[in-house]
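Q: Please take a close look at how helices pack against each other in this model, and set that part beside its nonpolar cores and salt bridges. I would like one connected account that I can follow with the structure open.

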Amino acid sequence: MFFTDSQTLVDLGIFGKGGGIFGMYDRSFTRGGGAVLEEWLRYPLDNADSINRRTGIIRYFGAAGTSFPFNRELFDGAEQYLSERDERTRLTAQQQSLGQKLSGLVAADTGYKTIVKGISSLTRLLQQLNAFIQGEAALHNKDYSEERKNIEALLSEAAFVPLLSENTQGKLPQDKLVAYDNILRFRHYKESKRLLHYMYCVDAYLSVGQTAKEHGWNFAAAKYAEGNATSLQLKDVKHPAVANAKGNDITIDEEHNVVFLTGANMAGKSTFMKSVGIAVYLAHCGFAVAAKEMTFTPLEGMFSTINLPDNLGMGASHFYAEVLRVKKVAQELHAGKRLFVLFDELFRGTNVKDAGEATVAVVEGFAKKTGSLFIISTHIIEAGDILQQQTNHIQYQYLPTKMEGHNPVYTYKLEEGITADRHGMVIIRNEGIIEMLEKNAAGQLTMDNRP
């Protein structure tokens, strides 16, 4: 599996406030479908076959306009039924006989009714699943063929065959209820749960496909790695949660595996890095991405440092937290892992001199790990000047700022090179902060000079 950590999930907003990226993709009809979707997002894939297979399934169902093929109201009854596996609740012929004798004297047994309802609900769902895999959407979706065959094999087992043709509209006789209860809840419980899981996977596939269709997003193509060669190509990549976002093109490969990113504050560096990071993460899940095109070599993991907090619990300053973060990445790289790494304003927690020296040393080390890909942003442009003389594996990109009078205007479009744009004082002056402070100082001086 493709691995990451909680810091990266927070940086990218995968499970953020309001649902984050997960909430954008969750169009599921069932709780089980939502749980499968969350599991896929928590545990991305790391090989081209698995990624392309899931992508192909979602793309085909979405293009075919496949509707949710199950009665969603049946799932609660089926799940509640399967959750009760106490042997004392197993149906017997004697139990119904006693129930018939007492039916006119006492209230109906709620537990018994729940079991009977559960048997009916699950039987109907199995019938709907069987109809789905025999339908055109499942038959013609070549990437779904393996799952379809697995489902077909389970439903073809002798125990399940009678259920597929059972008439569930009327009340089932007691002998059938006993037999079906024994099959579904006890003897073939694991198979029953697996079949429900396949239904939830269909729900998740359709959910992602619907999201892609609504937003006009596209699916990435995972390609096979040749040796240690890795690459990432993105066209018009945007942040999926930013309205009217500007898209950018970026290519990172083993020849230029480090992007050295510069730009003034508010020029869009962090948003761009998150845009690429989210696309890479979602592509490893097999999900549609907010880009016109994307091809990539699957990697083994991702680490980011974009919104890194101080670790006050262990008495660590921001700088030391950054050092520990870089150390973690270095350990994984030393172990031979192929990673995607995002560091926003590396070593911002220390003085400029130390930050510059550390940035040069670390980025130069990253450039030697050509099996991994990196985007490093910084305000220390002098580090870029030094790196240009020391290695050829770095590409230099910046997000420009155009001045219209005293007002900075941001294009949010990448350009090649290194920029020295610094407009912090311009922004501070435009907000009138210095003027307010000077007026306050003048007023205080007048008051202090009162007789």
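A: Contact here means that heavy atoms lie within 4.5 Å of each other. The model is predicted, and the account below should be read with that in mind. Two packed helices are described by the angle between their axes and the distance between the axes. For helix H15 (residues 352-367) and helix H16 (residues 381-390), that angle is about 35 degrees, while the axes are 9 Å apart. The crossing in which H15 passes H16 is right-handed. On the H15 side, the residues that meet the partner helix are Gly356, Thr359, Val360, Val363 and Glu364, and on the H16 side they are Ala383, Ile386, Leu387 and Gln390. Taken by character, the contact of H15 with H16 is made of five nonpolar residues, three polar ones and one charged one.

To place this contact in its surroundings, it helps to turn to the nonpolar cores. The largest of them has 100 residues, and the members that touch the most others are Leu232, Val276, Phe287, Met294 and Phe340. Helix H12 (residues 189-215) supplies the largest share of this core, with twelve residues. Leaving aside residues up to four places away in sequence, Phe340 touches Leu232, Ile252, Val276, Gly277, Val280, Leu299, Gly301, Met302, Phe303, Leu373 and Ile375. Another core, of 24 residues, lies apart from the largest one, and its members include Phe303, Val341, Ala355 and Val363. Val363 therefore belongs to this second core and also to the set of H15 residues that meet H16, while Phe303, another member of the second core, is among the residues that Phe340 touches.

The salt bridges, of which the structure holds 18, can be read against burial. Arg348 and Asp344 meet through their side chains at 4.0 Å, N to O. Because its relative accessible area is 40%, Arg348 is partly exposed, whereas Asp344 counts as buried, at 4%. The salt bridge of Arg185 with Asp181, at 2.8 Å from N to O, joins two residues that are both buried. These two are separated by about one helical turn because they stand four residues apart in helix H11 (residues 174-187). Arg88 and Asp86 also form a salt bridge, their closest N and O atoms being 2.7 Å apart. Here Arg88 is exposed, with 75% relative accessibility, and Asp86 is partly exposed, with 27%.

Definitions and conventions:
Residues are numbered from 1 along each chain as its sequence is written. This is a predicted model: local features need pLDDT of at least 70, side-chain atom pairs count only at pLDDT 80 or more; totals for chains, interfaces and linings use all residues. Side-chain values use heavy atoms; hydrogens and water are left out. A nonpolar core is a set of buried Ala, Val, Leu, Ile, Met, Phe, Trp, Tyr and Cys residues joined through side-chain atoms within 4.5 Å. Buried means under 20% relative accessible area, exposed over 50%, partly exposed in between (1.4 Å probe, protein chains only). Axes are lines fitted to C-alpha atoms, for helices over the stretch in contact, and angles run from 0 to 180 degrees between N-to-C directions. A crossing is left-handed if the near helix is turned anticlockwise from the far one by less than a right angle, and right-handed if clockwise. Ala, Val, Leu, Ile, Met, Phe, Trp, Tyr, Cys and Pro count as nonpolar, Asp, Glu, Lys and Arg as charged, and the others, Gly among them, as polar.
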